[in-house]
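Visitor: Please choose one part of this model and take me through it closely, in a single connected account. I would like to follow how its pieces bear on one another, with the values given as you go.

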Amino acid sequence: MKSKKWLSVVLIAGCYAAGGVHAVTLQVTDGILTGATGVNVGGKLFDVSFQDGTCAELFSGCDAVDDFMFDDATAFLAVQALLDQVFVDGASGAFDSNPYLTSGCGLGSPSGCNVIVPVGLDANGWARGRLTKNEISDASDSALWQFFRAPDFTTADLPGETWALWTPAPASVPEAPTLVLLSGGLTAMAVVRRRRARVRNRPYEQGLGMTQNHRITGIGRI
């Protein structure tokens with residue numbers, strides 16, 4: 001019974017270690033938030049960077065839906081993820097209460113930092129995107145729509161607006177301690193199974209009057 005409990009603890013711990021307790025890693029250069037890795041968007045992990053420029057420069061021409069990472073629904077989850085996971089106050093900086101610390105959003109903006117996630121185009125060359133409004137007051141933070149002229153719309157001249165460029169995060173590999181823990185759990189499981197098999201075979205062997213030597217001899221004859 002003790003071995004069962006011990007094995008369960010090892011396996012559960014191994015599963016937790018393999019999955020890991022996920023945490024976003026903020027990318028900060030000289031106190032300025034330039035992006036983040038491991039952002040959870042609808043159950044999938046993405047990396048994001050904040051960059052200035054034209055839509056065409058940053059999104060492969062900005063002239064087709066395939067140029068953008070997300071559709072409307074997922075883009076909404078993405079901009080909400082920025083508010084919940086990236087624009088936060090912590091040891092790396094006060095990126096929630098001071099939105100001007102985000103790359104592309106300078107002090108010249110009266111409305112904090114607006115981060116655009118483009119999602120689509122219309123027949124007239126206008127593009128639409130989801131907009132994260134990160135303002136000094138949390139009550140003013142929101143996820144809205146943004147419409148702009150594609151592909152030449154630029155954020156370079158707008159101190160309060162920048163683009164969010166998303167890419168799928170690389171698949172994570174379990175760390176060495178995790179692999180050791182999982183290996184130990186699987187080894188323990190194999191040991192328990194072998195012990196159970198020996199226990200099940202003993203009544204049958206005793207009924208045949210077999211001893212340890214008989215079993216060895218019998219195997220040798222086969």
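Guide: In this predicted model, among the contacts of the chain that span a separation of 6 or more, 61% join residues lying 24 or more positions apart. The chain has 222 residues, of which 33% are buried, and they are organised into 5 helices and 9 strands. Taken in sequence order, these elements run α-β-β-β-α-α-β-β-β-β-β-β-α-α. Against that background, the part to examine closely is the pair of disulfides, together with two acidic residues that touch them.

The structure holds 2 disulfides, and when the bonded cysteines are numbered in sequence order their pairing reads 1-2, 3-4. A disulfide is a covalent link between two cysteine sulfur atoms. One of them joins C55 to C62, with the sulfur atoms 1.9 Å apart, and the torsion about its S-S bond is 75°, a right-handed link. Both ends are shielded: C55 counts as buried because its relative accessible area is 0%, under the 20% cut-off, and C62 is likewise buried, at 2% relative accessibility.

From C62 the path leads to D67, a residue in the loop between α2 (55–58) and α3 (72–86). Once its neighbours within four places in sequence are set aside, D67 is in contact with F59, S60, G61 and C62, and this list includes one end of the disulfide that joins C55 to C62. D67 is buried, yet it has no salt bridge, and the nearest side chain of opposite charge, that of R128, is 13 Å away. What the side chain of D67 does have is a polar atom lying 2.9 Å from the backbone nitrogen of D63. For anyone assigning charges here, the picture is therefore of a buried acid without a salt bridge, with a backbone nitrogen, that of D63, at 2.9 Å from its side chain.

The other disulfide joins C105 to C113, at 2.0 Å from sulfur to sulfur. The torsion about its S-S bond is about 60°, so this link is right-handed, as is that of C55 and C62. Its ends are also shielded, since C105 has 3% relative accessibility and counts as buried, while C113 is buried at 0%.

C105 is in turn one of the residues in contact with E161, which belongs to strand β9 (residues 161–168). The relative accessible area of E161 is 14%, and because this is under 20% the residue is classed as buried. Beyond its neighbours within four places in sequence, E161 is in contact with D52, G104, C105, N114, I116, Q146, F153 and T155. N114, one of these partners, is separated from E161 by 47 residues in sequence, but the two C-alpha atoms are 4.7 Å apart in space. That pair is an instance of the long separations with which this account began, where residues 24 or more positions apart supply 61% of the contacts with a separation of 6 or more.

Taken together, each disulfide has an end in contact with a buried acidic residue: C62 with D67, and C105 with E161.

How values were computed:
Residues are numbered from 1 along each chain as its sequence is written. This is a predicted model: local features need pLDDT of at least 70, side-chain atom pairs count only at pLDDT 80 or more; totals for chains, interfaces and linings use all residues. Side-chain values use heavy atoms; hydrogens and water are left out. Helices (H or I, at least four residues) and strands (E, at least two) are DSSP runs, numbered from the N terminus. Buried means under 20% relative accessible area, exposed over 50%, partly exposed in between (1.4 Å probe, protein chains only). Lys and Arg count as positive and Asp and Glu as negative; His and the chain ends are not counted. A salt bridge is a side-chain nitrogen of Lys or Arg within 4 Å of a carboxyl oxygen of Asp or Glu. A polar contact is a pair of N or O atoms within 3.5 Å; within protein, one must be able to donate a hydrogen and the other to accept it, and residues adjacent in sequence count only if both atoms are side-chain atoms. Contact means heavy atoms within 4.5 Å. A disulfide is a pair of cysteine sulfur atoms within 2.5 Å.
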